[in-house]
Each structure stands twice: as C-alpha cells, then as structure tokens.
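Me: I should like to study the following structure through a short series of questions and reasoned replies. May we begin with its interior?

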Amino acid sequence: MPSPSRRTVLATGSALGGTLLAGGMPTQARAAGRADTSDPWRTVLEDADLVWQRMPRTWYEGPYLGNGFLGSGIYAEPGADTGSVSAVRFNVQHSQVQDHRPEFGSLFGLARLPIGWFTLEPVGAITGLDWRLGLRDAELTGTLTTDKGTLTLRALVHNSRSVLAVEVTPSEGERDFRWVFHPADAISPRADFKPLPDGYQGNPPAEVATHDGVSTAVQPLLSGGQHVTAWRERTRGATRCLYAHVAHSYPRSTALGRALATVRWASALPYDLLAGTHRAWWHAYYRKSFLSLPDARIQRFYWIQLYKTASAARRDAPVMATSGPWLESTPWPNTWWNLNVQLEYWLIHGSNHLELDAVTRALSEFRGNLSKEVADRYRADSLGIPRTTDPQLVNGAAGTLTGYGVGIPGQDPPTPEVGNLTWALHNVWLSYRHTMDESILRDVLFPLLRKAINYYLHFLEPGPDGKLHLPATFSPEYGGNSRDCNYDLMLLTWGCHTLLESAELLGIDDALAPRWREVLAKRVPYPTDTNGFMIGADIPFAKSHRHYSHLLAVYPLYELTGRTPDELALIEKSLAHWVGFEGALQGYTFTGAASMSALLGKGEDALKYLGQLMTRFIQPNTMYKESGPVIETPLSAAQSLHDMVCQSWGGVVRVFPALPATWADLTVHDFRTQGAFLLSAVRKGGATRWVRLVSEAGAPCVVRHGIAAAIDVRDGRGQPLRYETVGDGTIQVALRRGESALITAKGDRPDLTITPVRPNADAPRWGLPA
C-alpha cells in the first residue's frame, strides 16, 4: 500500500515516519530496536503477527478471520488422528444467523445457529504448514505442505462485503485439491449440553443446489425465513480462489437472492482487487491509537485483541455473543448481559475505537423490547434486561424456560437478576464520557437509565433503621438471593448519581430527582463483614467465586477508590479475600483483580495478575475457554492494560498511574480519555518525558501528569499556556475544542517522536510456532 496522504496524516493526528504533530514541529522517526520504525504501526503489528508451524486442532489454537458479521475459525478437520491430518476446516458462521422460536427461550428457540464449514482437502497427506496471520492486513497467508506438493494460500473475510475469500496456488502434485462444504445441523448448540425443551425439534436439513455456477446451501427455518451460504470457486492462471457469503432473512425468504448477488459480485474480482479496500480499512483502523511497552509478549497480545475486536464487533453488527461471530460448540449460544457484554466492549474507549460500539446502538434501537422483560405491571415506567438475549434483546418466554429473566425482587422464580441493564448502561455512559456526545446522553443514556432505576424504586422500602432497603435479589453467579445485594445497591447508587448529573447537564427538571436524592441520602450502607464486602446482607463472601459482582463500586464504577485510609483498607481486604479462594477462579477474575490493583496504583500486583491470566487461561491464539468458548476475558485484559497506562475517572486524567518497574519505557498515542481528550505520552528510563492532550470537546482538563519536576505547558504553536496547580503533580488547563497542551519538564525540549520501545527480552509469538 502507498504511504498515507497528508490529509490522512492530519486526520489521525500523526505525521509520516512515525512522528507526532506536537507543538507544530514534526520530527523524524528513529530506530527503536524492534524493526524498521519508519512506520511504528507497521512495526508493532508485524511483530505481533501470529504464526503456525504446527497444525492447530481446535478453535482455541487456530487462526480466525471476521468482520463482526461473518467469521471463520481455521483448524484441522476434527477426527483426524494424531499421526496425520487429511483436511483443514474453514468454519463459516455469522452473528445474525439465529432461530426465531421465542417459545423455547433464548438459548434454544432464539439461539445462534451453526451454519457449516468448508474443508480444504489436499491430494496428499499433510506433512507440515507455515502460516502467518498478518494483523495489519487482517489476512492469513502461508503454505500447506503434503507428500504430493504444496498449497500456498491467502485468506480474508472482507471488511465491508462479508465475503470469505481463500486463494490457493497449488504445486503440480496438488492441482487436484478440492473444496467441500458441509452444512451443519440447524439446532441450538446448547443441545450438546442440556436436554431439549418439550416440543423442540431441530430445523430441517439444508438444501444444496447450484445456480448458474454458484453453489448454495439454503437452510429453511421452522419459524419462517432462511439462512443461505453461497460459494463459487474461480480459476485464474495457476491459482484458484473460493468466494463464500452468508445471508440471513426472517420472516421472509430473501436471503438466497442476496447471497447469490454478493458471491457473483465478489467472484468477478481477482483476490488482490478485493483485498485492496479491505486492507485500507484495517490500516486506517489501527492508526487511531498506538501503544508500545517493553514486554514483548503482552504488547503482542494487546495488538491481537485490537484485531480480534474489529473482527468480532461493528457498531451495526449484533452485540457480541459469548464467542463473537465464531460459533462453536457451546452451552451459551447467545448474548450474555451480566458481565460478558460489558467486558467485551471496554477496550474500545481507550483505544479510540467508538466505531465498534454496538452496545449503545442496540440498547437504543431495541429499547422497546426491554420493557417486555419486566413483569406486566411495571412496563409503563420500567425497563430491564435478562441474563441472556438474542441480538434484538429478546429473551423469549419471559425467561421461564431458563430462569434467566429479569425477575421481581423478593420473588423467585425467575431468579431476580435485576442490575444487568444498569450495568450495560454504564458502558453507554463510558461512550458518552469518552466522546462528550450529548446525543448519547440525551437520547439513549438518560431515558433508558431513568426507567432502569425506576424499576428498583418500585421495591426500595424503609426499614426499622430508617434506611432504604432492597428485597432479595441475585448477585450474578454466587448462588442464592440476598436482601441488600451489593450488586444491585452499587448499581442503584451509580444510577442515581448519573441521573442527577445528566439531568443537570441536559437542563431537565425531572420530577423523580427528589427521589434519586433520597436514595443517595438514605440508602443502606453496602453490607460488609470482617472480610470486606459481602454478597449481600444475608450472604457473606465465603467461597471461591470468579465474578466480582459484589465489588462493582470499586471497579468499574470507581465510587470507592481508596480516598480515605478506611476505604483503602476495605478495598484491599475485599480484593485479597476474593482472590484468596482458589477453585472457581477463572480468567476474568484476574483481569478484574489487575484493574483494581491499577486503581490502587499497584502496578506490580496488576502485572502479577495479568501474568497468572496468561499462563493459566489464555490459549495459543489468545482465545479463552471455560466449559465453552467465551471471548470477553482476553478483551478485558486489554482494558486492564489500559488501566495501568491511563485512568480518567472522576474528571482527572492520570498518566501512567500503575506501571511496574520493568516497564521503564512506554509510548502511548491518541489514547482516548473521559472528557474527550486524546492523550499522547512517552516514558523513558522510568520517567515521564512528555504528555500531550488534545481536547475534542472543550471539557475541563485536569491531568495528573507524573512529571516529577517543575513543568512547562505549551499550546499547539509552542507558546506558553496558563495552568493552575490543583494537587500534587496535577494541573488544570483551560482548553477549547481542538486545542492542545504539551507538558514537559521545565526547559526540556524532548523528542516528540512516536516510536515503538525496545523490548526487555524476546518472547514466543502467539499461535503455534515450531
């Protein structure tokens, strides 16, 4: 690809050659020890590429391609013995393909449905491979070796066209390799784990046909509608290219026409021409932010998560289900709202990728379905979201088949898991705070949060102590219902604070405001005991538990942050007690513990928890599994890394708040913070050299810069800026929209180049290297 134009450079805030437009004076990039740093993004991305010199045998080991809709996981055809592999599977799955029988609940009747897979079947027996998943181009390349020759391949899922394209160039002995499509049974994957509901049956088999050179597998659905896989192979010279597309329609059967049209369009293009627009999108995507640190393994992991997120999420795609677009055998074939969704999307804020925010879009678009998830008598003024839904936020059968409905506090069944919508709206609030886009606040957050909190207000009652109490609700995953459940009390408190602040910002004189203030003034204190936060008034924290549902006021709500010695002691005691029970801890236990440690400024502890995550739970391709595939944990680990590098809760941007000693050098560029600031900063030799903030919204700018000396503050023209010292190492600067502030040690004029930092030591690449 050619170098970016000057217009592109200015749009991204970066100059050619890895330089930063700071103080109006770009400087030239210099070598940083990893590779050619004339383009720092290219350097870190190529360093992070996953490689395979051994055959991946599961989804947790293999390459994966996607665009938020169409997904393909690639690995050996299951069933092959350990001595040889006869074929390679290219799964074909799609995030919109689901059943539409709500009478059987979200996990059977509304479940995501498996589609099928292609097998690449060589003439000879496979003897070796050398593959590379190139992050920068979002493309798999490499060679498959057999005892008859070689197959050189390139593969992608096109960014905007949702086409799987696999180009194969065979040697003479492999000219007769073949592709075979295998339609999957259109039945909920949960059927492999749980008994079928009474009356439930799988959909009929797919109907395979050919339409003027395009093959199709048409999957009719008992509920009406269809999903269709269409494919075509084209030969150009020595190469053969497979083009495949999936379309879904309900209740009409229009998917066939769309699938045929897309494959005919794509197959008319040579692979390189199709790939051109795809690569251009991905190159621009990565340049929206930059992070480099001296731990090679973690740096590579981080950039892979950015690749994974854009492969699994788009604003107009369904909110990520538990396995993203890559549906595999799972007991959880839908979208999960009591932790998974929230963690999946946190990293989009700091990494400056709000274009992937499906949560705000979906909650707004399907808000009408949220009222149907609470009992009839509350629907006029309340909303809720169950534990699990389909992409339209429908649970099906009001949760009666699964027990996963919103429920009524004080009653069971269904289990009263009430706080999920409020927690999901915290993600929407983060999107507002990181953009300061008032339309998010006015049109989505405020009206939905008002009704989510109003549901609580129906049940909140004064007790003999004069405090307001909640009847028994459920803290996700711990087991048992408790009065004054911390999960709900903490979310209720955040919601009332946020509604009052939002009403003031929007100029709304809301009739419920006195009630919100009363809740904040009279709400019962969070239940605690000698070990810290309890699950609720009736249930102590007394067993191993992977979820931090009882600690949300600490993280991610940042209501309790250790401002006083007693508060700090409570947080530290609760954190230690939580992670001290081995047995049920899982990967996201350690991402939560890492972020809480980062809140307390304990970078060494945060790194220790991330290290445990990497060694105990992360799979070779950076995916994650429990009893089925789930992708939220690696993505939330990227957010834990963000929390070590920058925090911006409470109206203060904190630069490098929790770095371990081994990260003496670090570079961050265009990191998005609350208040809609873009942060760039460089640390060298254990000291922060410079910090630059660009204001997109003109919000109050308070920054804890971390420069341990007298400072200079200059604007974008290099002129001195007035500032006010508001705390130890903390200043406030008045910036209008579009203005910037550069902070350095007094008299220092550091090199403002953005380059990768030198690694402390090399580390194995992700994937399956030799």
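**The nonpolar core and the backbone**

Reply: In this predicted model, the largest nonpolar core has 218 residues, and the members that touch the most others are Y286, W303, L363 and W516.

Me: Which helix gives the largest share of this core?

Reply: The core in question is the one with 218 residues. Its largest share amounts to 12 residues, and these come from the helix spanning residues 438-457, namely α12.

Me: With which residues is W516 in contact, leaving aside its neighbours within four places in sequence?

Reply: W516 is one of the four residues that touch the most other members of the largest core. Contact here requires heavy atoms within 4.5 Å. With those sequence neighbours set aside, the partners of W516 are F446, R450, I453, L457, C496, L499, L500 and D510.

Me: How many residues does the second, separate core have?

Reply: This core is separate from the largest one and includes L156, C241, L274 and A275. Its number of residues is 10.

Me: How many disulfides does a search of the whole structure find?

Reply: A disulfide is a covalent bond between the sulfur atoms of two cysteines. To count as one, a pair of cysteine sulfur atoms must lie within 2.5 Å. The search of the whole structure gives a total of 0.

Me: How far from C485 is the nearest cysteine sulfur, and how far is the nearest one from C701?

Reply: C485 is buried, at 1% relative accessible area, and C701 is likewise buried, at 1% relative accessibility. Neither residue takes part in a disulfide. For C485 the nearest cysteine sulfur belongs to C496, at 16 Å; for C701 it belongs to C646, at 11 Å.

Me: Is S162 buried or exposed?

Reply: S162 lies in the loop between β10 and β11, and its phi is positive, near 55 degrees. Most residues other than glycine have a negative phi. Since the cut-off for burial is under 20% relative accessible area, S162, at 9%, counts as buried.

Me: What is the phi of N352?

Reply: N352 is in the loop between α8 and α9 and counts as buried, with 11% relative accessibility. The residue is not a glycine, yet its phi is positive, near 70 degrees.

Me: Which loop holds P413 and P414?

Reply: Most peptide bonds are trans. The bond from D412 to P413 is cis, with omega near 10 degrees, and the bond from P413 to P414 is also cis, with omega near -10 degrees. Both prolines are found in the loop between β19 and α11.

Key. Residues are numbered from 1 along each chain as its sequence is written. This is a predicted model: local features need pLDDT of at least 70, side-chain atom pairs count only at pLDDT 80 or more; totals for chains, interfaces and linings use all residues. Side-chain values use heavy atoms; hydrogens and water are left out. Helices (H or I, at least four residues) and strands (E, at least two) are DSSP runs, numbered from the N terminus. Buried means under 20% relative accessible area, exposed over 50%, partly exposed in between (1.4 Å probe, protein chains only). A nonpolar core is a set of buried Ala, Val, Leu, Ile, Met, Phe, Trp, Tyr and Cys residues joined through side-chain atoms within 4.5 Å.
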